[in-house]
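Q: I should like to learn how charged residues are read in a protein model. May we take the features one at a time?

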Amino acid sequence: MKAVLAKSERHPSLSPDNLEIVFSVGKGFDRDLFIVNLNTAEVRSLTVNDFEDSHPRWSPDGQWIVFQREDTIGNRDLYLIKPDGTQERNITNTENFREQHPSFSSDGNKVIFDSNRDELELDSNSQNYEIYTIDLNTNEIDRLTRWNEWDMYPSFSPDESHITWRRTVRKDETNRQDFEIFVKSLETGEEWSIAESRAYDSNPHWNPSRDLITFSSTRNGSSNIYTIKPDGTELKMITQAVGRSIGFGVPVFSFDGEKVVADRFTKDVTD
């Protein structure tokens, strides 16, 4: 099958060898995962079911793909699967909670994600998401953030000493919501905001080979892709979309220090 599909193609992730992209295809809450070979344009199915499979990410060695699955009653869990579609397994196994937006650590031994698993009032209208890791060898889960708003879209630094994520912050007397990119040192516990603005900043991804964070932002009026240093310096606009969304509301990816990959879009960081 050629890489022309009738339904919305979302959440792309490039394999470590740069030869394949895994992505989700579907409509509404019925989505499956597919893999496209970049040399041949051939597409193969990875998952087939009546659930919503989305946000896949490759392991650093290319041997596994982690993704989130939402069932028909709204539960979300994280799954691992081999690129050939075998050995699928649920790694979180919770009920009434949501584990989502997974990403591997650089050694492949941990998955970082966000979840509302520690909410005290599940029936309330207000949900709270925090950042967690799960050790794939021991199944031990560690909570990394504590905040009274949403912490989402986490990513490890290459040396696993820091994380970056999107935090919802209430500002000034109007109680206005800001969506900001944060960084935390796992050694000292210090947290700080980078690239503060009144725009919708989201989907940060730590570049696997450079001290650089890629994220999406609406700070120029349209959703575009930016890079920034983890200390908040050297903000750079990578795309120049006007009047349309690129990388908005979905993860933005950077790979091998040179390229970002987002929905229907790729671009060299060094351009």
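Q: With which residue does Asp-118 form a salt bridge?

A: A salt bridge is a side-chain nitrogen of Lys or Arg within 4 Å of a carboxyl oxygen of Asp or Glu. Here Asp-118 pairs with Arg-143, and their closest N and O atoms are 3.3 Å apart. The pair links distant parts of the chain, 25 residues apart: Asp-118 is in the loop between strand 10 and strand 11, and Arg-143 is in strand 12. Strands are DSSP runs (E, at least two residues), numbered from the N terminus.

Q: On what basis should I read these statements?

A: This is a predicted model, in which local features need pLDDT of at least 70 and side-chain atom pairs count only at pLDDT 80 or more, while totals for chains, interfaces and linings use all residues. Residues are numbered from 1 along each chain as its sequence is written, and side-chain values use heavy atoms, with hydrogens and water left out.

Q: How many salt bridges does a search of the whole structure find?

A: The search finds 13. One of the pairs is Glu-99 with Arg-117, at 2.9 Å from N to O. Glu-99 lies in strand 9 (residues 99-104) and Arg-117 in the loop between strand 10 (110-115) and strand 11 (130-135), 18 residues apart.

Q: Is Glu-99 buried or exposed?

A: Buried means under 20% relative accessible area, exposed over 50%, and partly exposed in between (1.4 Å probe, protein chains only). Glu-99 counts as buried because its relative accessible area is 0%. Asp-118, by contrast, is partly exposed at 40%, and Arg-143 is partly exposed at 25%.

Q: Which residues are joined into one network by salt bridges that share partners?

A: Lys-184 and Glu-191 meet in a salt bridge of 3.6 Å, N to O. Salt bridges that share partners join Asp-151, Arg-167, Lys-184 and Glu-191 into one network. Lys-184 is buried at 14% relative accessibility, and Glu-191 is partly exposed at 30%.

Q: Which residues form a negative surface patch?

A: Patches are made of residues with over 30% relative accessible area and no salt bridge, like charges being joined within 9 Å. Asp and Glu count as negative. In this model the patch is formed by Asp-159, Glu-187, Asp-211, Asp-231 and Glu-234. Asp-231 is in the loop between strand 19 (224-228) and strand 20 (236-237), and Asp-231 is exposed, with a relative accessible area of 53%.

Definitions and conventions. Patches are made of residues with over 30% relative accessible area and no salt bridge: like charges are joined within 9 Å, nonpolar side chains (Val, Leu, Ile, Met, Phe, Trp, Tyr) within 5 Å. Accessible areas come from the Shrake-Rupley method with a 1.4 Å probe; for residues, only the protein chains shown count as cover. The place of a charge is taken as NZ of Lys, CZ of Arg, CG of Asp or CD of Glu. Helices (H or I, at least four residues) and strands (E, at least two) are DSSP runs, numbered from the N terminus.
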